[in-house]
Structure formats: C-alpha cells, structure tokens
Amino acid sequence: MTQTALVTGASRGIGRAIAVALAGEGFDVACFARDRDKLQETATLIESAGSKPSVHVGDMSSDDDLENLVNEVVAQHGSIDVLVNNAGITEGAPASKISPARFREVLEVNLIAPYVLSRCVQPVMKEHGGGVIINISSVYASQGVANNSPYCTSKAGLEGLTRALAREWIKDGIRVLGVAPGFVRTDMVANAFGGTEVEKLVVSRIPMKRFGEAEEIGRFVAFLATAKAGFVTGETLVIDGGQRSLV
Ligand code: NAD
C-alpha cells in the first residue's frame, strides 16, 4: 500500500523540494501551509512525479488548524507514515530590539507547533505500526550567531524535542530525527541577504563556497524517510557544505 507523507511549509523553498523528493520515493504527499495557490503549484509537481498530492491550508500557530490537518489527511489518505516539520520563520534583529511577543511567535511556529503536530500524529503512526518524524532544524541550533536569538533558541529546542520524542516513541516503531541545513538558496535567505555584500561574505565563509540548493535538502530528507535509513533515530544530521565543522 502506498505510504503517505505530510510536509508543513510545502508551499515553497525547502518544504516544496522535500515534498517533491518524497513523491519521487513513491510517497503520496499532503502539503500544508497558508498559501493555497502556492500549495497547488507544489501539488502539480507531485502529480508530475507520479504521486497523489493533497492541499491543506492553515496556520502552524493554531492548535485547531493542526488537529484538523491530521484529521483531514487521515480521512483523505488513510494514514500518515511520515511527518516533516519543515515550516519555520526567522527574525533578524538584536535580542534587545525583539519584543517578547515576537520572540514567542517564533517559538510558537518553529518549536511548539512541531510538538503539537507530532503529538497529533503519534497515535495514527502507532496504530499503523510505526512511522518517521523529521524535524527541520538549522546549523544555528548549535552555532552561536548574533541577531537571530529566537530562531537559534527555537531550533536548539527542536533538537532537544527530537531526542526526547525519539526515546519516548521508539517503542511504537516511530523514528524521530532531524536535519540541520546550513545556508540554502530560498526566500528565507534571499530576504535576509538578497544579493548584498553580506551575501558574498557569507558565501566566502562556507568551505564549499556556495549556498545549498533546496533539492539537495529534499533528497536527503526523502532518503531518511525511507526504510533505507531504518537504523537512524534521535540524531539531527547536518547538511551544510562544511559550514559548521570545517570553518
Ligand atoms: P521559506 O520562508 O522559503 O518557507 C517557509 C515555509 O513555511 C513556507 O511554506 C511558509 O508558508 C511556511 N510557514 C511559515 N510560517 C507558517 C505558519 N505560521 N503557518 C503555516 N506555514 C508557515 O523558508 P525555507 O528557507 O524553505 O525554510 C524551511 C525550513 O528550513 C525552516 O524551518 C527553516 O528554518 C529551515 N532552514 C532554512 C535554511 C535556509 O538557509 N533557507 C537554513 C537552515 C534551516
């Protein structure tokens, strides 16, 4: 029977690339984000790869939207075998200038929502004999960087959540792991640097002297979702052109 993957933030960037790569591995893919038209574009790519897509519109910071999402996906596909918690936001400002409300907002989308969604999906996976949850972190989880404190905090928390849930849910046949990209050419990075001198400086400090491509992250995540990576759990794996360990 065809397996189903649910990808959050699948309307563009890394999430779209993950959704398409999972379709290439034979998964049907449920796509969640806020922009229906962009999600529809991802759905068309999934169909072209020979898999069945579905589109689900909602907000990561709404517990109700996430609960409805899981109910909708199970109703349409029959199961959720893979969950990729990819949707994320960033906030490039000094810690002293960020409002506590904005700090909480970043934690809500990047950390609390993956927890809420994982706990909604866990009983479904358990009932079907197991599954895989993949949390998209960042090298910023383990690197101290200035002017991005809520993002760094949220991703460090996400890696802690990954280890904790992996240990707790192994008995249900659920693997929980993470992927921590370095810089990847998406809207998130374009909005942060957008062809400026800072971008040249950032690229010059990456040992491979380039940003990653979303498709490179997509293929890595899709591999980890399959039984080929069946002995991997609890870890967050870095994919960054050498940024973290070789600089
Ligand atoms: P992006 O900004 O291009 O896309 C983010 C996606 O998340 C979009 O689909 C957006 O609609 C969705 N999203 C954001 N807030 C949402 C909300 N409240 N409700 C529903 N959907 C929401 O970002 P990206 O570069 O593709 O990043 C994807 C993931 O990869 C994020 O978790 C990000 O932190 C992580 N990451 C990105 C990079 C990079 O260099 N681009 C590096 C490391 C980690």
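What follows is a short dialogue on reading the fold and the cores of a predicted model.

Me: Which secondary structure elements are in the protein, and how many?
Reply: The model is predicted. The protein has seven strands and nine helices.

Me: What does the radius of gyration say about the protein?
Reply: The value is read against the one for a compact globule of 247 residues, which would be near 18 Å; the protein has 17 Å, so the two agree. Along the principal axes, the C-alpha atoms fill a box of roughly 50 × 35 × 35 Å.

Me: What share of the residues is buried?
Reply: Buried means under 20% relative accessible area. In the protein, 51% of the 247 residues are buried. The exposed surface comes to about 11,500 Å², and carbon and sulfur atoms supply 51% of it.

Me: Which residues have the most contacts inside the largest nonpolar core?
Reply: A nonpolar core is a set of buried residues of certain types, joined through side-chain atoms within 4.5 Å. Here the largest has 33 residues, and those with the most contacts inside it are Val7, Ile18, Leu22, Val29, Val84, Ile134 and Val221. Elements giving it two or more residues include strand 1 (4-8), strand 2 (28-33) and helix 8 (214-225). Helix 1 gives the largest share, seven residues.

Me: Which residues does Val29 contact, leaving aside neighbours within four places in sequence?
Reply: Among them are Ala5, Val7, Ala19, Leu22 and Ile46, as well as Lys52, Pro53 and Ser54.

Me: What lies apart from the largest core?
Reply: Another core, of 30 residues, lies apart from it; Val73, Val106, Leu117 and Leu158 are among its residues.

Key. Residues are numbered from 1 along each chain as its sequence is written. This is a predicted model: local features need pLDDT of at least 70, side-chain atom pairs count only at pLDDT 80 or more; totals for chains, interfaces and linings use all residues. Side-chain values use heavy atoms; hydrogens and water are left out. Helices (H or I, at least four residues) and strands (E, at least two) are DSSP runs, numbered from the N terminus. The radius of gyration is taken over C-alpha atoms; the globule rule is 2.2 Å times the number of residues to the power 0.38. Buried means under 20% relative accessible area, exposed over 50%, partly exposed in between (1.4 Å probe, protein chains only). Accessible areas come from the Shrake-Rupley method with a 1.4 Å probe; for residues, only the protein chains shown count as cover. Contact means heavy atoms within 4.5 Å.
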